[in-house]
Amino acid sequence: MKVTVKTMRDAFIEGLYGKMAHNDDIFFITADLGAPALDRIRHDFKDRFINVGIAEQNLVNVATGLALEGYAVYAYAIAPFLTMRAYEQIRTNLSISSQIRPVNVNLIGVGAGLSYVVSGPTHHCLEDIAIMRLLPNFVVFSPCDWTIAQHFVQYSTEVKIPKYLRFDGKALPVIYDKFDSSMMEDGFCELLKGCNICLVSTGYMTHVALAAAQKVKNTGVIDVFLLKPFNAVKLYETLKEYEYILSIEEAFLNSGGLDSLILNLLNKNRALSKLKSLGFKDNHVFNHGSRDYLHQVYGLDEEAVVSAIRKCV
Amino acid sequence: MNDTGNKDLIKYLSKKAQWVMKETLRIHKIAPETRLASSLSCLEIFVSLYYGNILRFNSENLLWNNRDRFIISKGHGAVSLYPILADLGYFSIDELSKVCTKESFLGGIPDIIIPGIETTNGSLGHGLGVASGIAIALKRRKNDAVVFVLSGDGELYEGSVWEAIMFSAEHKLDNLVLIIDNNKICMLDYCANIIDISPVENKFSAFNWEVRTIDGHNIEELCNTLLYLKNNRNGHPKLLVANTTKGKGIKQLEGDRLCHIKSLNENEINEILERLE
């Protein structure tokens, strides 16, 4: 495993820079959020970079207008404000309109889960998986490392429907050292094959899942990076090999997140596998400290996952 | 245009407006849930834009690159646009007798699914922001088409409108014309009794917009001012405040603060239609 640590946003924006250099029909617009890699786009493609100010609703509306005129648009903002402040703009102008006309708007939300760990509940993003998965005509992408985020650049130009890219705010090590674009359509990857129990996770929590799986022999790990759409048949075929499935996410439980996605899939197929879920109960998080500390408090740290595995088996 | 030509055009547009009014009433008869009062305040605006040589359009090529983009941000009031779109060939005139029925794609609010309609409407406060994005795209492609937006004055309560007002002035979108159908009534009351933001003109001027105010039922004024605003590329987005009457021409609606949600019954409509004949 490579140890190169990098943020998803920088990796994605670097890849996008290359696309913008060859494709004049790409706009990058931001609601006053930056990234080190973004400086080059601001400098080299001045006429295709717009900062709309701290105005997420207008960010989505302006992006829609550009996309209706045929541009591929990347709209960049802090994840909870992008998805929740502008949700109705997203629903009306992206989800509804794209059923009739192509609208290639890529919403890049930075700060998935508890990324903005000390900024309190306004900056935590524990609802976005559920609410974005809900929208028809949408792709929901939740990568766990920067390499897969970079692979998504190509996909984002080819698939001309609205997308939500849920990026972690922190620089994270590489998990996918051999990702290739043909894996994108499955939407998931069985990173570790186990025999009795499998952890299913998305985004940052896949790092925790892998660490916990090292502690208990024969624990499988599935990373779900496309929460919509994904290859449901193949995911079920993979899941049904396990007696126990443990879903892990930085999201509210039983509310439409990854746990609901897995549960629906198991129910639909009348699976015999038993599902347990780790995530946040029905409360906001006011604690401060490190992300790992918050995970300890809320039963999502490596130790808690190990103990949940042991309880199952 | 010379004076006689101009008079002929105004006469022609007034006749068209009469016809659109009758058709709007006929639609309301089969679909009483449509918003009649709101559709009548902006009727002359539609007539002037489509028949008064203001909008550049091609009903046989919906996404024609050089068309002016017209966004109906006040979706509820656009039932009076249906007869015009049908008359201009966007869809069959027979569709007008099916509005809101199971055979029709024409609902109470015009959506992007309808030929000639650019965006998803019905939720207020979106049109101007989307139009700003379109205006930027047109400028970048050196396309001289203009983006027109129709909003209601009540719609100005939506905060997202003000985000777009600031944005479009900053970006000098002089290919953007916002028309406010200033009919002064929301759903429950006169706007002045809810939050009085009149005069709205100086708010826009303060944000660097060019502003004109006219009688929104006067077709000649509408045509002249819309044409002026369309062609005046001076680095400012344009606002046309069209002072109108909600429920214009219908005594049961005019002056009723609740007229937005008021429907007329079949007899009432038949009486009005007879009078108009």
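## Close-up views of a predicted two-chain model

**View 1. The crossing of α1(B) and α10(B) is left-handed.** Welcome to the first stop in this predicted model. Helix α1 of chain B covers residues 3-30, and its partner, helix α10 of the same chain B, covers residues 266-276. Their axes lie 10 Å apart and meet at an angle of about 165°. Angles over 145 degrees count as roughly antiparallel, so that is the label for α1(B) and α10(B). On the α1(B) side, look for Q18(B), M21(B), K22(B), L25(B), R26(B), H28(B) and K29(B). Facing them from α10(B) are E266(B), I269(B), N270(B), I272(B), L273(B) and L276(B). Sorted by class, this contact holds six nonpolar, three polar and four charged residues.

**View 2. In chain A, helices α8 and α12 cross at roughly 55°.** Here we move to residues 205-215, which form α8(A), and residues 302-312, which form α12(A). The two axes come within 9 Å. The pair is described as oblique, because the angle falls outside the ranges for roughly parallel, roughly perpendicular and roughly antiparallel. The handedness of this crossing is right-handed. From α8(A), the residues to pick out are V208(A), A211(A), A212(A) and K215(A). They meet E302(A), V305(A), V306(A), I309(A) and R310(A) of α12(A). Between them, the residues of this contact comprise six nonpolar and three charged, with no polar ones.

**View 3. S48(B) is a buried serine in helix α3 of chain B.** The helix that carries S48(B) runs over residues 43-51. The relative accessibility of S48(B) is 0%, and the cut-off for buried is under 20%, so S48(B) counts as buried. Leaving aside residues up to four places away in sequence, S48(B) touches N53(B) and I54(B). Its other contacts on that basis are I219(B), L222(B), C223(B) and L226(B).

**View 4. Chain A meets chain B across an interface that buries about 2300 Å².** For this last view, we turn to the place where the two chains come together. Interface size is often given as the accessible area lost when the parts come together. Carbon and sulfur atoms give 55% of the buried area here. On the chain A side, N58(A), E69(A) and R101(A) are good residues to find, as they supply 26% of the area that chain A buries against chain B, more than any other three residues. Counting contacts, 28 residues of chain A touch 26 residues of chain B.

Conventions: Residues numbered from 1 in each chain as written. Chains lettered and ligands numbered in written order. Predicted model: local features only at pLDDT ≥ 70, side-chain atom pairs only at ≥ 80, totals over all residues. Heavy atoms only, no water. Axes fitted to C-alpha atoms, helices over the stretch in contact; angles between N-to-C directions. Helix = DSSP H or I, 4+ residues; strand = E, 2+ residues; numbered from the N terminus. Parallel < 35°, antiparallel > 145°, perpendicular 65-115°, else oblique. Left-handed = near helix turned anticlockwise from the far one by under 90°. Contact = heavy atoms within 4.5 Å. Nonpolar A, V, L, I, M, F, W, Y, C, P; charged D, E, K, R; others polar. Buried < 20%, exposed > 50% of the residue type's maximum accessible area, 1.4 Å probe, protein only. Buried area = accessible area lost by both parts, 1.4 Å probe.
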